Amino acid sequence: MSKRRAAFLTLGCKVNQYETDAMEEILEKNGYDIVSFKETADVYIINTCSVTNMADRKSRQMIHRAKKNNPDAVIVAAGCYVQAAEKEMAEKNMADILVGNNKKKDIAQILEEYFAVKEEEQQVPLVSEVIDINHTKEYEDLTIHKVNEHTRAYIKIQDGCNQFCSYCIIPYTRGRIRSKNPEEVIEEVKNLAAQGYKEIVLTGIHLSSYGKDLGDITLLDVIQRIQQIEDIERIRLGSLEPRIITEQFVKELRACDKVCPHFHLSLQSGCDETLKRMNRKYTTEEYETALNILRTYYEHPALTTDVIAGFVGETEEEFEKTRAYLEKINLYEMHIFKYSVREGTRAQKMSGHVPEQVKTERSDVLLAMAKRHKSEFEKWYVGRKEKVLLEEIVEKNGKKYFQGYTAHYVKVAVELSENDTKLRQNEVIVVDIQGFIDENLLYGKVSIEF
């Protein structure tokens, strides 16, 4: 009997991508061939997202696309949308197998049992493997030894969230906070280092809460231990809660020289009244204090954030407060989102929903600001030397370049000559940055230090 072919598609966040990579490894170990989602496969696994109603719709579309790819294939829907809409999905027969969060580790066994029944019976009833995620304390035991990216590896070390922001469904689809055992984290990072990965990105649903369910262990403890792993050159952190940024935390973080000076602190609004309605647990003053601490300990740190435009009840005056505040704090990158209603959240039931046209207008204002701030931040690097981790060869204006990222996550390209064999993927080089190829890409020459 030939090997079964399995195809994966991931929607949503980096945590989802990590879990997809882990499921791929599990199926490979169990004799499956992993193929592209566009190819004909025996099994299609869609790792869904449910962060917005739009994400739900996209999840349904991808399930439908898998059915079109091969009407005879087994369709598996996994992840957050399944967790949020199990009953509806089962009633509408959207997929053959539903796999909720904390059950992805069992994917091979679930498929094995499904195929065993299918061999005996022509009609197989829908299989639903969904637990009550809100009452589990178990951290799902997933691990990876390789990733789809060639230079950096995203490592999920935390799951769940206890914050209950009024616009967010994630605490209901991911459950309460749970942390990966630090010994297992270190073992996983060592394995990836042995595979040649130079950069590790620590991710989680609410990364700042890592270790709170493990006693005296903190996120800083894990970072300090990864710092000691010889072949790892960079440690990058996923999204952080502003309140974790204290002087003591940053002082100890600064002592770990492998930690990239690139910090994503989720803001969502620059208006205290709006933050209160969102049930965010900080004020704009506290957020700005966190930024100032980081700017004190790091030179020109890359500070990034998320902002929601047009949240429920946001008046013109509140929006103007957000606009002025964002202008003042002047971040490297701002990911601007128009508020999207999510069924099942408190915000859905609030009064004062902002018209779509107004949300678009406000979003456009913030996007223009974000573009300007990003350009100003990157201009600072012209004339400087920076270490760049090379990732891929690209072509711009008829010329070939090797591009990669600095520790600040700024993209830089180095022009390749026809006979250039010195530069290699996954190498860290020093670049003399000379200017811009276009508005989004700095370029330079390899420094003689290399």
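**A closed barrel, an open sheet and the contact between domains 2 and 3**

In the predicted model, five strands close into a barrel in the order E14-E15-E16-E18-E17, with mixed pairing, and the twist from one strand to the next averages 45°. Within this barrel, strand E14 (residues 385-396) runs antiparallel to strand E17 (residues 428-438), the two being joined by 5 bridges, and Lys385 stands opposite Asp432 of E17. Strand E15 (residues 399-405) and strand E16 (residues 411-415) are likewise antiparallel and are joined by 5 bridges, with Tyr401 placed opposite Glu415 in E16. E15 and E16 form a hairpin with 5 residues between them, and in the turn Tyr409 adopts a positive phi of about 65°. A parallel pairing is found between E16 and strand E18 (residues 441-446), which share 3 bridges; here Val412 has Leu442 of E18 as its bridge partner.

The automatic or database assignment divides the chain into domain 1 (5-129), domain 2 (152-380) and domain 3 (384-446). An open sheet is formed by 4 strands in the order E8-E7-E9-E10, again with mixed pairing. Strand E8 (178-179) and strand E10 (234-237) occupy the edges of this sheet and have a single partner strand each, so one side of each is left without a neighbour in the sheet. Strand E7 (residues 152-159) pairs with strand E9 (residues 199-204) in the parallel sense over 6 bridges, and Gln158 stands opposite Gly204 in E9. Helix H7 (residues 219-227) lies across E7, E9 and E10, and its direction makes an angle of about 160° with that of E10.

The relation between domain 2 and domain 3 was examined next. The centres of these two domains, taken over C-alpha atoms, are separated by 28 Å, and the contact takes 22 residues from domain 2 and 17 residues from domain 3. The size of an interface is often given as the accessible area lost when the parts come together. For domain 2 and domain 3 this buried area is about 1600 Å², of which 49% lies on carbon and sulfur atoms. On the side of domain 2, the residues that lose the most area to domain 3 are Arg152, Arg234 and Glu378, which together account for 34% of what that side buries.

Polar interactions between the two domains were also counted. There are 3 salt bridges between domain 2 and domain 3, and 10 residue pairs are in polar contact, with both residues at pLDDT 80 or more. Arg152, one of the residues with the most area lost to domain 3, forms a salt bridge with Glu391, in which the closest N and O atoms are 2.7 Å apart. In terms of secondary structure, E7, E10 and helix H13 (356-379) each supply at least two residues of the side of domain 2 that touches domain 3, and the most is given by H13, with 4 residues. The open sheet thus enters the description of the contact through E7 and E10, of which E10 stands at an edge of that sheet.

Note on methods:
Residues numbered from 1 in each chain as written. Predicted model: local features only at pLDDT ≥ 70, side-chain atom pairs only at ≥ 80, totals over all residues. Heavy atoms only, no water. Pairing = 2+ DSSP bridges. Contact = heavy atoms within 4.5 Å. Axes fitted to C-alpha atoms, helices over the stretch in contact; angles between N-to-C directions. Buried area = accessible area lost by both parts, 1.4 Å probe. Salt bridge = Lys/Arg side-chain N within 4 Å of Asp/Glu carboxyl O. Polar contact = N/O pair within 3.5 Å; in protein donor to acceptor, adjacent residues only side chain to side chain.
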